[in-house]
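Student: I have a model open and want to learn how to read its features one by one. Where should we begin?

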Amino acid sequence: MDGKDPSTAKRVGSAMLVVSLAACGIALIVGYNWKDLCTRHEWNGYQYRTLCYNDVFALYTFRGLDVRPFPYIHGDGIFDNERRADGSQVEQGDLEYPALTGVLIGVVAEVTHDGVTFFRVTSVVLAIFALLSLVILWRLARKEWRLFFFALAPSLILYAFHNWDLFAVFLMCAGLFAFSRRADGSTGVWLGLGAAAKVFPGLILPALLLTRRRETGKVPRRMIIGAIVSFAAVNVPFAIIDRAGWWAPWKFQSNRFPNFETSWYNIYRHLASHFGNFWADSYPGLTSYASAALFIAGITWLLWSESKRAHFRPYATSLGILLIWLLTAKVYSPQYALWVLPFFVLVEIHWGGFLAFTVTDLAVWIAISAFFLSYPPVGRGNISQMAWIVEATVYARYAVLLVLLWLSRRAQDNVLEPLPKTQGPPASMHAAPVEFSA
């Protein structure tokens, strides 16, 4: 809004908020109705043919939320599919997500009594988090037209109700807003809560810490303390109540096999026949260490490189950290696309980068759905052929992530700088001192 009358700028900004919220609401309605298809049809391959599969509806049953609705209280830390009274076997009491997401899931499960209602109530909650995130981005963004990279993103339509990541996206956005207002303690609290929900908001903390260190010359202790205290406040009670159940998601993620949408799985696919069972048994642990080492090396390079700049860019650097995570992680779930959407608003990435990311991400989701559809009992398609198609789309998306990382190293932050708290008049305008009587 540079160069405009303040009152005009305010009206234009308010109008942009209204329009973007309306657009986002429409996108969320479309996404909800798309995913809701899976609550009204048999899962005989329909969930993959229509791309309506979502973890929210699936895990209500597969994690026994209808029997033991609150995670981390009665879990044994083992995903072993306990036998139910009706003879079926599903996991009960353990969940693969960090504690704060489990709290959200548990609260909704407590007030609902079937999978359909659970999905629909969860969708309302997640939609609220999406809209609140957009309001925060509007408060932050200098070029407000970039709000539509979030509000109308195809990734938002596809994945808003796929999993619970919008909860953590909101917490991350809240932390970024607090950071922009130089409220370091609140920044730490929000990002600590975000890490307690889905880890990734905590990954950007080093970029914000180094920015504040560069600005003030001091270590931002309040930000660090806020993050530690909020993260501990969520996790410690569950660790005391049921240590095995609390530790279950961390153990699960460490021991899980790389998923199909990663380079780690495709490396295994090509080399498994040469190494036998030892490779299969040791590969999950090996990839956990290897991906962690690559991530640490990547962000070390990124932060060192950014520190050489005259002006540290916290938002572009935060985007870079998340991109390095996506490039190195052994798990890349579909809804991870939501993590970077706020940064398409807050960092001046060319629209072509957004388009390329959207297209390749959609290609992976379509390909992996067709791949699952080729499995028995549905068995529609050639599994081997589909595996090659999935691999091609995965590496195409990796190529785009690398391009986005390169672009982020050159892009400027699209964030309004807050006005100084006090701004005195020029020296030539200083008035003579005046004494006032009591």
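Tutor: Start with a single residue. Ser133 sits in helix 5, which spans residues 115-140. Keep in mind that this is a predicted model.

Student: Is Ser133 buried or exposed?

Tutor: Compare its relative accessible area with the cut-off: buried means under 20%. Ser133 has a relative accessible area of 0%, so Ser133 is buried.

Student: Which residues does Ser133 touch, leaving out those up to four places away in sequence?

Tutor: Phe150, Val169, Phe170 and Cys173. Cys173 counts as buried too, at 0% relative accessibility.

Student: What does the chain look like as a whole?

Tutor: Its secondary structure comes to 18 helices and 2 strands. The chain has 438 residues, and 52% of them count as buried. Now take the contacts with a separation of 6 or more. Residues 24 or more positions apart account for 74% of these.

Student: Next, packed helices. What describes such a pair?

Tutor: Two things: the angle between the axes and the distance between them. Try helix 17 (residues 351-373) and helix 18 (residues 383-408). They pack at an angle of about 160°, and their axes are 9 Å apart.

Student: How are helix 17 and helix 18 oriented to each other?

Tutor: Apply the cut-off: angles over 145 degrees count as roughly antiparallel. Helix 17 and helix 18 are therefore roughly antiparallel. Their crossing is left-handed.

Student: What classes of residue make up the contact of helix 17 with helix 18?

Tutor: There are 19 nonpolar, 3 polar and 2 charged residues.

Student: Can we zoom in on one end of that region?

Tutor: Take Ile383, found in helix 18. Its relative accessibility is 32%, so Ile383 counts as partly exposed. Ile383 touches Phe371, Ser374, Tyr375 and Pro376, with residues up to four places away in sequence not counted.

Student: How many residues apart in sequence are Ile383 and Phe371?

Tutor: They are 12 residues apart in sequence. In space, the C-alpha to C-alpha distance is 6.4 Å.

Student: Give me another helix pair to practise on.

Tutor: Use helix 12 (residues 221-241) and helix 13 (residues 243-255). Their axes come within 5 Å and cross at roughly 125°. The two helices are therefore oblique to each other.

Student: Which residues make the contact between helix 12 and helix 13?

Tutor: Helix 12 supplies Phe231, Asn235, Phe238, Ala239 and Ile241. Helix 13 supplies Arg243, Trp246 and Trp250. By class, the contact of helix 12 with helix 13 has 6 nonpolar, 1 polar and 1 charged residues.

Student: Last topic: disulfides. How many does the structure hold?

Tutor: The general idea is a covalent bond between the sulfur atoms of two cysteines. This structure holds 1 disulfide. The bond joins Cys38 to Cys52, with an S to S distance of 1.8 Å.

Student: Why is the disulfide of Cys38 and Cys52 called right-handed?

Tutor: Look at the torsion about the S-S bond. For Cys38 and Cys52 the torsion is about 80°, so the disulfide is right-handed.

Student: Which parts does the pair tie together?

Tutor: Cys38 lies in the loop between helix 1 (6-36) and helix 2 (46-49). Cys52 lies in the loop between helix 2 and helix 3 (55-62). The pair therefore ties together parts that are 14 residues apart in sequence.

Student: Are Cys38 and Cys52 buried or exposed?

Tutor: Cys38 counts as buried at 1% relative accessibility. Cys52 counts as buried at 0%. Cys24 is buried as well, with a relative accessible area of 0%.

Technical notes: Residues are numbered from 1 along each chain as its sequence is written. This is a predicted model: local features need pLDDT of at least 70, side-chain atom pairs count only at pLDDT 80 or more; totals for chains, interfaces and linings use all residues. Side-chain values use heavy atoms; hydrogens and water are left out. Axes are lines fitted to C-alpha atoms, for helices over the stretch in contact, and angles run from 0 to 180 degrees between N-to-C directions. Helices (H or I, at least four residues) and strands (E, at least two) are DSSP runs, numbered from the N terminus. Angles under 35 degrees count as roughly parallel, over 145 as roughly antiparallel, 65 to 115 as roughly perpendicular and the rest as oblique. A crossing is left-handed if the near helix is turned anticlockwise from the far one by less than a right angle, and right-handed if clockwise. Ala, Val, Leu, Ile, Met, Phe, Trp, Tyr, Cys and Pro count as nonpolar, Asp, Glu, Lys and Arg as charged, and the others, Gly among them, as polar. A disulfide is a pair of cysteine sulfur atoms within 2.5 Å. Buried means under 20% relative accessible area, exposed over 50%, partly exposed in between (1.4 Å probe, protein chains only). Contact means heavy atoms within 4.5 Å.
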